[in-house]
Amino acid sequence: MAFGDQPAYLRVADDLRKKIAAGELPPHARLPSQARIREEYGVSDTVALEARKVLMAEGLVEGRSGSGTYVRAQPVPRLLARTGYRGAGDSSLFRQEQADDRIMGTWDGVSEREAAGREIAERLGIEPGDRVMRTRYLFRSGGETVMLSTSWEPLAITGRTPVMLPEEGPLAGCGVVARMAALDLVVDNVTEEVAARPGQAEEVLALGGVPGHVVLVVSRTYRAGGRPVETADVVVLAERYRVAYHLPVR
């Protein structure tokens, strides 16, 4: 489709997008009103409204109740570095999830027993309904929430052991590799899958985003001798991160 054949609302959105990129509409500037767009581009109210919706869906502008629509300040993407698991000597859980050594952070974790659902049971190689320990983490850097993670471990492995609770006991916060080593299980394989999806309301709110933001989900599973010992979903806002993998050549 030639540019001139695009629907009118896309042509308007494209021109406004270019003005934002060029700095003619800088961050925090108010977007032209619906009436101004209608007059400047010679379009209907419906076209003006749809053009604004496109820019909002792209995360370029945001509406403020009773005030109007404003250009959003675009974050500088951070690096979510993935370099495989860390050894038993690494005591920082934040370091294991975010391998960029320039970033320091803290975390909170809350663990609860639950019955494994179908998806988690499949990832862990257990039966639906089997008991697992679910731990929800919130990672912060500079006081800002940057990452969410939920992990699941089969209680058939960790139940009634000193490492049953990832954030309590002698190896609290040391990560999966060290905790499983205490059970004579050697983690020798880690698999990860990265996918994008619309963020759930509570996820986006916790990460400081706005409704409609897309999140990146890194689904990770640790294995020891082929047996899954932990699986987790790491969630970040897609607009704030680039996922980088550093893989050895064999």
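Leu148 stands opposite Val235 in strand 9, and this pair serves as the entry point to the report. The structure is a predicted model, in which local features need pLDDT of at least 70, side-chain atom pairs count only at pLDDT 80 or more, and totals for chains, interfaces and linings use all residues. Residues are numbered from 1 along each chain as its sequence is written, and side-chain values use heavy atoms, with hydrogens and water left out.

**The sheet around strand 9**

Strand 6 and strand 9 pair in the antiparallel sense; pairing requires that DSSP find at least two bridges between two strands. Strands (E, at least two residues) and helices (H or I, at least four) are DSSP runs numbered from the N terminus. Strand 8 is also joined to strand 9 in antiparallel fashion, and there Val215 stands opposite Leu237.

| Strand pair | Residues of the partner of strand 9 | Bridges |
|---|---|---|
| Strand 6 and strand 9 | 144-154 | five bridges |
| Strand 8 and strand 9 | 214-224 | 10 bridges |

Strands 8 and 9 form a hairpin with two residues between them, and Gly225 in the turn has a positive phi of about 60°. Of the 11 residues of strand 9, 10 are buried, so the strand is largely enclosed by the rest of the structure. Buried here means under 20% relative accessible area and exposed over 50%, with partly exposed in between (1.4 Å probe, protein chains only).

These strands belong to an open, antiparallel sheet of six strands in the order 4-5-6-9-8-7. Strand 4 (106-115) and strand 7 (189-198) stand at its edges with a single partner strand each, so one side of each is left without a neighbour in the sheet.

**Helix 3**

Helix 3 comprises 13 residues (45-57), which at 1.5 Å a residue should span 18 Å; its end C-alpha atoms are 18 Å apart, in agreement. The expected span is 1.5 Å times one less than the number of residues. Its buried residues include Val47, Ala51 and Leu55. Seen down the helix axis, the buried residues fall within an arc of 155°, so they line one face; the arc is that of the directions from the axis to the C-beta atoms. Thr46 and Ala57 are exposed on the face turned away from the buried side. Just after the helix, Gly59 takes a positive phi of about 80°.

**The chain as a whole**

The secondary structure of the protein chain comes to eight helices and 10 strands. Buried residues make up 42% of its 250 residues.
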